[in-house]
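User: I am new to this structure and would like to be walked through it step by step. Could you take my questions in turn and show the reasoning behind each reply?

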Amino acid sequence: MSRPARGAAAAVWTLLASVGAAAAAEPAPATPAPAETVRVEGRRDERPADRAASCTVILARDFSSRVTTLAELLSETAGLRVASLGGPGSFATVSIRGSTSEQVVVYLDGVPMSAPLGGGVDLSAIPLEQIESIEIYKGSTPIWLDTPGIGGAIAIRTRRPAGLTQAAVSYGSHDTVHAEAASSWAGRPGGWPLESALALGADRSDGDFRFHADNGTEEPGDDGFETRLNNRSWRAGLLGVLEARLPDGGRAELRADLEQRRRGVPGIDDVPSRTARSSSDRAGLRLAVGHDRLLGGPLGLEAGAYATRTAQAYRKRSDGTGPPADASDRIVAAGSSLLLRWRGGQASGLRHQATLHLSGRTETAARIDRTLAARGRGDLIRLSWSAGLEDEIQAAGGRFAFVPSLRWGGWRSRFDAPAGVPEPDGMSGSDGSLAARAGFSWRPAAALAFRANIGRYHRAPSLTELFGDQASIKPSEGLEPERGVNVDAGVSWEPRSKGPFTTLALDAAVYRNQAGELIQLVQTSQSQVVAQNTGRARIAGAELALRLGLPGGLDGGLDYTWQKAEDRTASGSFTRGADLPGRPRHEAAARAGLSGRWGRAGYRFTYVGPYFLDRAAAALAGSGIDRDQIRVPGRLLHDLSYVRPVGSRCELTFELDNAGNVKTVDLARFPLPGRTVQAMLRVRLP
């Protein structure tokens, strides 16, 4: 381990030891500790928490008064890195603890959002008005999620019926408008308790902010400020929920959602495109049933089935920034899952919570390219399945827990070529992989909990990585799945006796991830690339999350991440030993707020350290070249907010983001907006 890594790890472990000493005076509970539960607003089926996993939960009440997005929320969480193409409604992806965005599995009500064609999940396609809670699993993922993400997982739960009607509208810089409304009803048709909810939202923005352009040169004489063009976006979404309580104590749920999105694709800062457009239309349906007390109590069951259909298109006229394009994809996915949970044992001895999870999924992607003579480019088909078994073994009255789990995942991929389109050789086939994990949790005192995990995970190649796109990406034969081993340890401390504080909570962790058989797009000619298993990576880091509250309405928090992500490609590669691109070594987010009868004033800052855009730039960092010429500079952004109650049912929110008007870029040198001002009015009815 390098000297900085040893220093960061030593600092965190010194902190852990100090916390342990501080908590030693607080005796462990004499009675058995109850099982920890992640309690989510509005949910009737409270899912037992994974005691050993490193999990952060964000509830709707934490952001309901903010004018923000899912991407902005996640970027404020320790260990998470969000990359954006810039501007309101723009494409944004997330990585966890130095992973790639493709290695993070995002679920919406248990349905995987990752597309078979590959690429990270677009966070802008998940509107906040539909979200009730966000569970972020770093490193280790619970058995009830279909896929063991090599980079962790994010489980998003949408609204449940909660007897609430509310509406909000906001307006801000760049003609950014957002409107949302949600309502729920309850009744007893046929004697069955029945609840329903409906949420809808829409937003649009011109996205025409000013940015600093260097015209693709290192000469300062041709630098200047320009207006971001072709950055307009529009979105509308609808969510419907129907829940029923069955006579025998079970429950059933039907959910349907629709989403439409249109936006321009303006290109990078020095090569803008004024004609590129993208669109996406998505529809989803999910049916789930469950029962927590089968066979008199020890057995719980959850079963579900879902189907989604997505149509996406990309069009671009010839505008001097590359060849024209007119392509579309139609993606249909369907799946089902079954979860059985058994609870057994005596309160005075060992207790078990064994879980069996089975799932299957089929995905079909049909591609059309209207710029070619043979427009139909074939159907990409994938069938995947998994079977997992996990047991949480509790001892010492629940103060100690051991969580072993095994999961086998398999997949079969196929390319159906239409007439006139050659089928790549050797592309059809199947593969499988075993994922294993062991987690530990120890609570020596009521306020203190230690945890540790080690797990082995994998990611299957996407269909585009396997079969190419019949254009710039060539097919790749014999592509192996990415594999990784994740290790982490952490501590949580929340004393009952808080002294002068009304809130005091600390969470710290260290982690080390090893990844192999990494899949990279390697250039084979001036116009084509191919996916190859190219190398390995080693990522070490430390996280800290602190929450404080004082009498008088003053509160605050801090999230900080230090990490070193190193390219460990085979000896002889010029990139070996360099930082992985897109991974800053330091990130921090802090907030402070003051609440009173007059409202709430808030301040936030976020810091993202400098990072390299690509592997070549990172490898050149020590060659004498000015680093500021080959990497994205660090940025420190300041945000201000004020929330003012208006009567008992309304509130006004004012936000000033990036108050310093910092001009910077993000993923692939896409400019980010400068100072923005937004105002929102929200109305809530009982």
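User: At what distance, N to O, do the side chains of Glu-482 and Arg-459 meet in a salt bridge?
Analyst: This is a predicted model, and the values that follow are computed from it. Glu-482 lies in strand β24 (residues 482-493) and Arg-459 in strand β22 (residues 448-459), so the pair ties together parts of the chain that are 23 residues apart in sequence. Glu-482 is buried, and Arg-459 is buried as well. Their side chains meet in a salt bridge with an N to O distance of 2.9 Å.

User: Which residues are joined into one network by salt bridges that share partners?
Analyst: Side chains of opposite charge can pair when their charged atoms come close. By the rule applied here, the count comes to 45 salt bridges. Those that share partners join into one network Arg-66, Glu-76, Arg-604, Asp-639, Glu-655 and Asp-657.

User: Is Asp-206, the salt-bridge partner of Arg-232, buried or exposed?
Analyst: The side chains of Arg-232 and Asp-206 meet in a salt bridge at 3.2 Å, N to O. This pair links distant parts of the chain, with Arg-232 in the loop between β12 (224-227) and β13 (233-245) and Asp-206 in the loop between β10 (194-205) and β11 (210-213), 26 residues apart. Arg-232 has a relative accessible area of 53%, and because the cut-off for exposed is over 50%, Arg-232 is exposed. Asp-206 has a relative accessible area of 15%, and because buried means under 20%, Asp-206 is buried.

User: Which strand holds Arg-315, whose side chain meets that of Asp-326 in a salt bridge?
Analyst: The side chains of Asp-326 and Arg-315 meet at 3.2 Å, N to O. Asp-326 is partly exposed, with a relative accessible area of 22%, and Arg-315 also counts as partly exposed, at 38% relative accessibility. The pair links parts of the chain 11 residues apart, with Asp-326 in strand β17 (residues 325-345) and Arg-315 in strand β16 (residues 299-316).

User: Which residue offers the backbone oxygen that the side chain of Thr-275 reaches?
Analyst: Thr-275 has its place in the loop between β14 (251-264) and β15 (277-294), and Thr-275 is buried, with a relative accessible area of 11%. Leaving aside residues up to four places away in sequence, Thr-275 touches Asn-230, Arg-315, Lys-316, Arg-317 and Asp-319. The backbone oxygen that the side chain of Thr-275 reaches, at 3.2 Å, belongs to Arg-317.

User: Which element supplies the largest share of the largest nonpolar core?
Analyst: The largest nonpolar core has 25 residues, of which Leu-70, Leu-74, Ile-134, Ile-154 and Ile-156 touch the most other members. At least two residues of this core come from each of α2 (70-75), β2 (80-84), β3 (92-96), β4 (105-108), β6 (131-138) and β7 (153-158). The largest share, 4 residues, comes from α2.

User: How many residues does the other core, with Ile-331 among them, contain?
Analyst: Apart from the largest core lies another one, whose members include Ile-331, Leu-463, Ile-519 and Ala-531. The size of this other core is 12 residues.

User: Which strands stand at the edges of the open sheet of 5 strands?
Analyst: Strands of a sheet pair through backbone hydrogen bonds, either parallel or antiparallel. The open sheet of 5 strands has the order β1-β6-β7-β4-β5, with mixed pairing, and 6 bridges join β6 to β7, which run antiparallel. Two strands have a single partner strand each, so one side of each is left without a neighbour in the sheet. The strands at these edges are β1 (54-59) and β5 (111-112).

User: With which residue's side chain does the side chain of Arg-682 make a polar contact at 3.3 Å?
Analyst: Arg-682 lies in strand β34 (residues 676-685) and is buried, with a relative accessible area of 4%. Not counting residues up to four places away in sequence, Arg-682 touches several residues, including Ser-64, Gln-166, Glu-180 and Cys-650. The C-alpha atoms of Arg-682 and Glu-180 are separated by 9.3 Å, although these residues are 502 residues apart along the chain. The side chain that makes the polar contact with that of Arg-682, at 3.3 Å, is that of Glu-180.

User: How many disulfides does a search of the whole structure find?
Analyst: Cys-55 is partly exposed, with a relative accessible area of 30%, and Cys-650 counts as partly exposed at 26% relative accessibility. For the structure as a whole, the number of disulfides found by the search is 0.

How values were computed
Residues numbered from 1 in each chain as written. Predicted model: local features only at pLDDT ≥ 70, side-chain atom pairs only at ≥ 80, totals over all residues. Heavy atoms only, no water. Buried < 20%, exposed > 50% of the residue type's maximum accessible area, 1.4 Å probe, protein only. Polar contact = N/O pair within 3.5 Å; in protein donor to acceptor, adjacent residues only side chain to side chain. Contact = heavy atoms within 4.5 Å. Salt bridge = Lys/Arg side-chain N within 4 Å of Asp/Glu carboxyl O. Core = buried A, V, L, I, M, F, W, Y, C linked by side-chain atoms within 4.5 Å. Pairing = 2+ DSSP bridges. Disulfide = S-S within 2.5 Å.
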